Amino acid sequence: MLDPGSFWPFAFISLLFPYLYLLCLVIACIGLILRNHKAWILMVILILMSTLFRRSFFNISVNHESSAGITILSHNIGSSISGNQPGTWSFYHNIHADIFCFQEWLGNSITIKNIKDSLTRKYNSTLTLNQNPWPIFTSLNIINQGEIHSIAKGNGATWADVLYKKDTLRIYNVHLVSNRISGQTENLIANANHPDGSTWQKITRVLRRYKIALLQRTEQAEELQAHIKRSRYPVILAGDFNDIPSSYVFRLLSKNMKDAWLNAGNGMAFTYAGRLPFLHIDHMLTKGKIEAIDFEI
């Protein structure tokens, strides 16, 4: 995967990977039915790329049996604020996770305040030292913490060293720079059958925004990866990457790390609940002596 700083349009093309894979799979199957020997070449290529497809689209794994472990939940809560009414403020508290990683945490929101009040009865929080949009709540003791800020406002990461039994784990809660194109892209999809004179202007605007966000996200990922390399402890990296598994950003961050979804997830991989289908942009990676036992989206 090319560094977007060298050739950014290739990164945009990578967004189409799940669709292109399915199209090529259909073509290969038709070719085999018609006994076209060249279809075997395409099928071999698809098999070699099947791991990347599983990360992007669909996965089947055998869950590991274990009597011990910790539970971690990651949630970009920003788009869910309106749905968090009084009756559901205790949802997170009742889920009994050991660690919560929230993104787009809005400190001045009344709803957020009530969720925080519900959680702080049982959990420690990185918010006790500093308010930021990416807090970590945990039932474990926090012995150290810090932040990594992005040049793009509202984006960055919180890290916390927590005690688990006799071990220390480092948790990263990250929100990489958003593409900020979903609204305009969904509008283009909705009006695809009724193009007007401004359609190409809208497409150009989407591409320009995507390029700016991509370069910022790449810089942020490089800084985050350097920070992770310096950690003396096993690492859990969770959050909203705003990029899919076929992207340069994901490949960079997942280098020498294990993908919890690939190792323990089952079913569809999609985490974006908008009109753009098949986007797996929220992830959880581990490094060191940490194994994923089960994974649910």
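A nonpolar core is a set of buried Ala, Val, Leu, Ile, Met, Phe, Trp, Tyr and Cys residues joined through side-chain atoms within 4.5 Å. Buried means under 20% relative accessible area, exposed over 50%, and partly exposed in between (1.4 Å probe, protein chains only).

The model is predicted: local features need pLDDT of at least 70, side-chain atom pairs count only at pLDDT 80 or more, and totals for chains, interfaces and linings use all residues. Residues are numbered from 1 along each chain as its sequence is written, and side-chain values use heavy atoms, with hydrogens and water left out.

**Exercise 1. Describe the nonpolar cores.**

Step 1. Begin with the largest nonpolar core, which has 20 residues; Ile72, Ile99, Cys101, Ile171 and Met284 touch the most other members.

Step 2. Identify the elements that supply this core. At least two residues come from each of strand S3 (99–103), S7, strand S8 (167–175), strand S9 (235–240) and helix H10 (260–264). Helices (H or I, at least four residues) and strands (E, at least two) are DSSP runs, numbered from the N terminus.

Step 3. Turn to the second, separate core: it has 19 residues, including Ala157, Tyr172, Val249 and Leu253.

Step 4. Examine Met284, leaving aside neighbours within four places in sequence. Among the residues in contact with Met284 are Ile72, Ile236, Trp261 and Phe295; contact means heavy atoms within 4.5 Å.

**Exercise 2. Set out the strand order of the open sheet.**

Step 1. The protein has 10 helices and 12 strands. An open sheet of 6 strands runs in the order S6-S7-S8-S9-S12-S10, with mixed pairing.

Step 2. Locate the edges. S6 and strand S10 (258–259) each pair on one side only; two strands pair if DSSP finds at least two bridges between them.

Step 3. Inspect one pair. S9 and strand S12 (residues 282–287) are antiparallel, with 6 bridges, and Asp240 stands opposite Asp282 in S12.

**Exercise 3. Place Asn155 and decide whether this residue is buried or exposed.**

Step 1. Asn155 lies in the loop between strand S6 (141–149) and strand S7 (156–164).

Step 2. With a relative accessible area of 6%, Asn155 is buried.

Step 3. Residues up to four places away in sequence are not counted when listing what Asn155 touches; the list includes Trp134, His149, His175 and Gln220.

**Exercise 4. Analyse the aromatic pairs around Phe102.**

Step 1. Apply the rule: rings of Phe, Tyr and Trp (its six-membered ring) pair if their centres lie within 6.5 Å; planes under 30 degrees apart count as stacked, over 60 as edge-to-face and the rest as tilted. The whole structure yields 12 aromatic pairs.

Step 2. The ring centres of Phe100 and Phe102 are 5.9 Å apart and their planes stand at 5°, so this pair is stacked.

Step 3. Phe102 and Trp105 form a tilted pair, 5.2 Å centre to centre with 40° between the planes. Phe102 is buried at 0% relative accessibility, and Trp105 is buried at 3%.

Step 4. Ring pairs link Tyr92, Phe100, Phe102, Trp105, Tyr123 and Phe137 into a cluster.

**Exercise 5. State how many disulfides are counted.**

Step 1. A disulfide is a covalent bond between the sulfur atoms of two cysteines. The criterion here is a pair of cysteine sulfur atoms within 2.5 Å.

Step 2. By this rule the count is 0 disulfides.

Step 3. Consider two cysteines. Cys24 is partly exposed at 26% relative accessibility, and Cys29 is partly exposed at 34%.
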